[in-house]
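Welcome! Please open the model in your viewer and get ready to select a few pieces, one after another.

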Amino acid sequence: MKEIIQGRRLGTGERVEFEYDESETNIVRKSGASCESNLTTHAERIYPDVPVIIAPARARVGGVVDGQKIVLFTDSLGRQQQTNLFHELWHHAEKCAISAGDLETVYKEVAGGDDWDCDYLNEPRERAARAFEHYASARASGLQFTPARKGTAQAIFERLYEGTEHAAHLKRRRQERWEPVMSWVRPLAALAAMVGVFIGIPHFLF
Ligand SMILES: [Zn+2]
């Protein structure tokens with residue numbers, strides 16, 4: 001069924017009117033199930049232990065993180081939600097896993113991006129989240145990037161996308177948990193080694 005659509009030309013106030021027949025357009029309606037498994041695969045690789053909650057769509061916000069969970073506000077799981085998921089995964093990692101030094105590297109690099117004429121969109125956190133969502137989307141689409149140089153935002157994105165940032169985070173947490181024990185074990189081990197030198201060597205000599 002043909003409709004008359006009223007539009008506006010980008011960057012101008014010029015009005016544009018055109019005919020459109022949705023039934024003649026190639027509209028791909030993917031089943032929700034395949035998008036669900038796509039999103040699940042990415043979430044589980046990047047951040048396996050954070051639950052992603054799907055909640056009813058809201059007009060002004062696509063997603064939110066609180067350090068415990070990721071929420072995507074959407075009524076259907078389409079391909080746009082993949083981008084939103086990457087965006088919110090970045091915000092979660094920013095809060096919970098990425099070191100202050102690495103954040104500084106990313107924020108410094110993305111500061112040279114577009115001026116959006118909007119304080120919120122120009123914030124370093126938002127610039128970084130958009131940069132990660134686009135990097136991750138490109139990789140999810142199969143693009144082969146050359147391995148990133150150390151000390152670049154891409155190197156930090158690479159670790160997060162591939163799931164190694166999360167593994168490194170768990171390792172750091174494990175080490176922190178054992179640190180109180182190790183702070184006792186280390187001097188005791190050193191003492192034992194010294195005792196070994198005094199007792200062991202003469203014993204070995206005679
Ligand atoms: Zn954001």
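In which sense, left-handed or right-handed, does α5 cross α6? Select both helices: α5 passes α6 in a right-handed crossing (the near helix is turned clockwise from the far one by less than a right angle; anticlockwise would be left-handed). They pack at an angle of about 60 degrees, with axes 10 Å apart (axes are lines fitted to C-alpha atoms over the stretch in contact, and angles run from 0 to 180 degrees between N-to-C directions). Therefore α5 is oblique to α6 (not under 35, over 145 or from 65 to 115 degrees). Show A131, F132, Y135, A136 and R139 of α5 with A153, F157, L160 and Y161 of α6, which make the contact (C-beta atoms, placed from the backbone, within 7 Å).

A word on the model: it is predicted, with local features needing pLDDT of at least 70 and side-chain atom pairs pLDDT 80 or more, while totals for chains, interfaces and linings use all residues. Residues are numbered from 1 along each chain as its sequence is written.

Next, select L89. Leaving aside neighbours within four places in sequence, L89 is in contact with A43, I46, Y47 and I70.

Finally, select the open sheet of three strands, ordered β3-β5-β4 with mixed pairing (strands are DSSP E runs of at least two residues, helices H or I runs of at least four, numbered from the N terminus; pairing needs at least two bridges). Its edge strands are β3 (52-55) and β4 (63-65). β4 pairs with β5 (70-73) in the antiparallel sense over three bridges, and V64 has V71 as its bridge partner in β5.

Note on methods. Two residues are in contact if their C-beta atoms, placed from the backbone, lie within 7 Å.
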